[in-house]
Amino acid sequence: MTIQIVRNTVAADRSAHPRQTILSLEGAQAALAEISTWPGYEVTPMRELTPVSEACRVRSVFYKDEASRFGLSSFKALGGTYAVARLLQRRVSEQLGRAVSTVELASGAHSAITRTLTVVSATDGNHGRAVAAGAAMFGCSSVILIHSGVSAAREQAIAARGAHVIRIDGNYDDSVRAAAHMAIQDGWALIADTSSDGGEAACVDVMHGYTVMVAEALDQISALGSEQPSHIFVQGGVGGLAAAACAYTWLSLAESAPIVIVVEPELADCLYQSAKAGIPTPSTGNLDTVMAGLSCGEVSEYAWHILREGAEFFQLISDDEAIAAMRLLADEDRAGAPIVAGESAGAGLAGFMAAAADPQTRRALRLDPASRILLFGTEGATDPELYATLLGRPATDDGAAPASPAITKG
């Protein structure tokens, strides 16, 4: 099978750093300091996939497992929830004329202000659940827009967090535009994980929230006595997670920062096409991919601003490869431990294994027996019924670590 990969010549120049006017080390540190105080916060597990590293002839493969993050089974809890907290802090502080903490917000001390506010967002599932959780925790209302391709299970999970869920016709990008329009029309606050009119501050907050996962991962690798990663294979989507990984590793590791390879579904390839064109470019596919969290047709321009300078390669994978990665992770013999991974969680692993198996791609990516790979398992079985259908077994049988306590007030 031909590997679909493109090299970004701008990022290939190791002297080019992501523009620090968008994300900063200070912003990342502030996000970690804040999020680590929330009820239910735990550092998610780092799994070493020794059978994979041996089969792929590299030194190590580390998998950051987000299946237990705040009981939401997704890294998105770090972004959407944090962005809601930051928004409410700004709004309440403006009215009171002093800084307020999230402890105050969660206690309900300022509910007379927060309950008058509504946040709105578009989602493929996980981001919307995180925004709804943040609204419930910090005391405002939430409206979440989903599109026709979002499963009923994901819709119900969002509604269970207290959100008013609106399903629209069209795809994810249509829901993004509809959410931005509603924010303007109804005076709501837009909590976007992609750059959109009126949602720029939230978009940056979301990416700073994602850096918490990256910071944890680097600390965990150091604690294991291992060298920092030489390569990161990271999921695409609109680009926010990949941008956070690029920016944080450049800011904290400088010239020893890893090579970043962004992995996307072949039917949702907006970042790949942007890398080919050198400017933000829509997907050429129809977005009909099993990787629901990556089914995005248009890039976040803020994320692209970072990725064009920080991500050296962009790679496409098929749905079959993503499902095969899910199955491998669930297999104790092949992964080293049974791991529950949702449809989007194994994309980085799928991309890495395809690249490692192809001699030409392996040389291009500078993969060798000394390479150290970092992957982000971005979600657990966020749609348990689909997980069981794809793998022929329920997620509860896979022996994954129990979820952390859910984000709650108090």
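The following exercises treat the sheet and selected salt bridges of a predicted model.

Residues are numbered from 1 along each chain as its sequence is written. In this predicted model, local features need pLDDT of at least 70 and side-chain atom pairs count only at pLDDT 80 or more, whereas totals for chains, interfaces and linings use all residues; side-chain values use heavy atoms, without hydrogens and water.

**Exercise 1.** Determine which strands stand at the edges of the open sheet.

*Solution.* Strands are DSSP runs of E with at least two residues, and helices are runs of H or I with at least four, numbered from the N terminus. Two strands pair if DSSP finds at least two bridges between them.
1. The order of the seven strands is β1-β10-β9-β8-β11-β3-β2, with mixed pairing.
2. β1 (4-7) and β2 (46-48) each have a single partner strand, so they stand at the edges.
3. β2 pairs with β3 (residues 60-65) in the antiparallel sense over three bridges, and F62 in β3 is the bridge partner of E48.

**Exercise 2.** Establish which parts of the chain are tied together by the salt bridge of D193 and K76.

*Solution.* A salt bridge places a side-chain nitrogen of Lys or Arg within 4 Å of a carboxyl oxygen of Asp or Glu.
1. The side chains of D193 and K76 meet at 3.0 Å, N to O.
2. D193 lies in the loop between β7 (189-190) and α10, and K76 in helix α4 (residues 76-96), so parts 117 residues apart in sequence are tied together.
3. D193 has 7% relative accessibility and counts as buried (under 20% relative accessible area; exposed is over 50%, partly exposed in between; 1.4 Å probe, protein chains only).
4. K76, at 14%, is also buried.
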